[in-house]
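Welcome! Here are a few short exercises, each with a worked solution. Have a look at the structure first, then try each task before reading on.

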Amino acid sequence: APVDLPDKHGCTAAHWAAANGHVCCLQALAEGGADLNAHCHAHTTAAWNAVYYGHHACLLLLCNRKVDLSKVASKGKCKGMRLYRVAEERGHVELLPYLENA
């Protein structure tokens with residue numbers, strides 16, 4: 001199967017790896033050519049999921065890969081929020097230094 005094949009919500013394996021904190025899987029996907037900036041139907045990305053769920057190692061990997069941190073969710077509780085605000089709202093203050101310029 002293609003590495004970026006989305007599910008019915010538009011989420012790719014990279015979305016799920018970041019959401020669940022599977023940094024080794026995320027690394028393997030990146031090395032396999034996954035689009036780490038792919039967005040789902042709600043316009044969230046792997047980086048967005050890493051921030052929302054507080055997965056520091058996943059966010060660091062994505063930052064090192066120079067992903068786009070400017071995406072804003074278009075649906076759900078965090079609709080219209082930038083990543084910095086999401087990290088604040090969710091109490092993930094350790095992520096804020098990575099997101100100051102996002």
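**Exercise 1.** Which exposed residues sit on the face of α2 turned away from its buried side?

*Solution.* Keep in mind that this is a predicted model. Start with the outward face of α2: the exposed residues there are Cys 24 and Glu 31. Now turn to the other side, where Leu 26, Leu 29 and Ala 30 of α2 are buried. These buried residues span an arc of only 100° around the axis, so they lie on the same side of α2.

**Exercise 2.** Find out what the buried residues of α2 pack against.

*Solution.* Follow the buried residues of α2 to their neighbours: they pack against α1 (13-19) and α4.

**Exercise 3.** Describe how α2 and α4 are arranged relative to each other.

*Solution.* Two packed helices are described by the angle between their axes and the distance between the axes. For α2 (residues 23-31) and α4 (residues 56-64), the angle is about 20° and the axes are 9 Å apart. Angles under 35 degrees count as roughly parallel, and α2 and α4 are therefore roughly parallel to each other. Next comes the handedness: the crossing of α2 past α4 is right-handed. Finally, list the residues that make the contact: Val 23, Leu 26 and Gln 27 from α2, with Ala 57, Cys 58, Leu 61 and Leu 62 from α4. Sorted by character, the residues of this contact of α2 with α4 comprise 6 nonpolar, 1 polar and no charged.

**Exercise 4.** Which residue with a positive phi follows α2?

*Solution.* Walk along the chain past α2 and you come to Gly 33, with a positive phi near 95°.

Terms used
Residues numbered from 1 in each chain as written. Predicted model: local features only at pLDDT ≥ 70, side-chain atom pairs only at ≥ 80, totals over all residues. Heavy atoms only, no water. Axes fitted to C-alpha atoms, helices over the stretch in contact; angles between N-to-C directions. Helix = DSSP H or I, 4+ residues; strand = E, 2+ residues; numbered from the N terminus. Parallel < 35°, antiparallel > 145°, perpendicular 65-115°, else oblique. Left-handed = near helix turned anticlockwise from the far one by under 90°. Contact = heavy atoms within 4.5 Å. Nonpolar A, V, L, I, M, F, W, Y, C, P; charged D, E, K, R; others polar. Buried < 20%, exposed > 50% of the residue type's maximum accessible area, 1.4 Å probe, protein only. Arc of directions from axis to C-beta.
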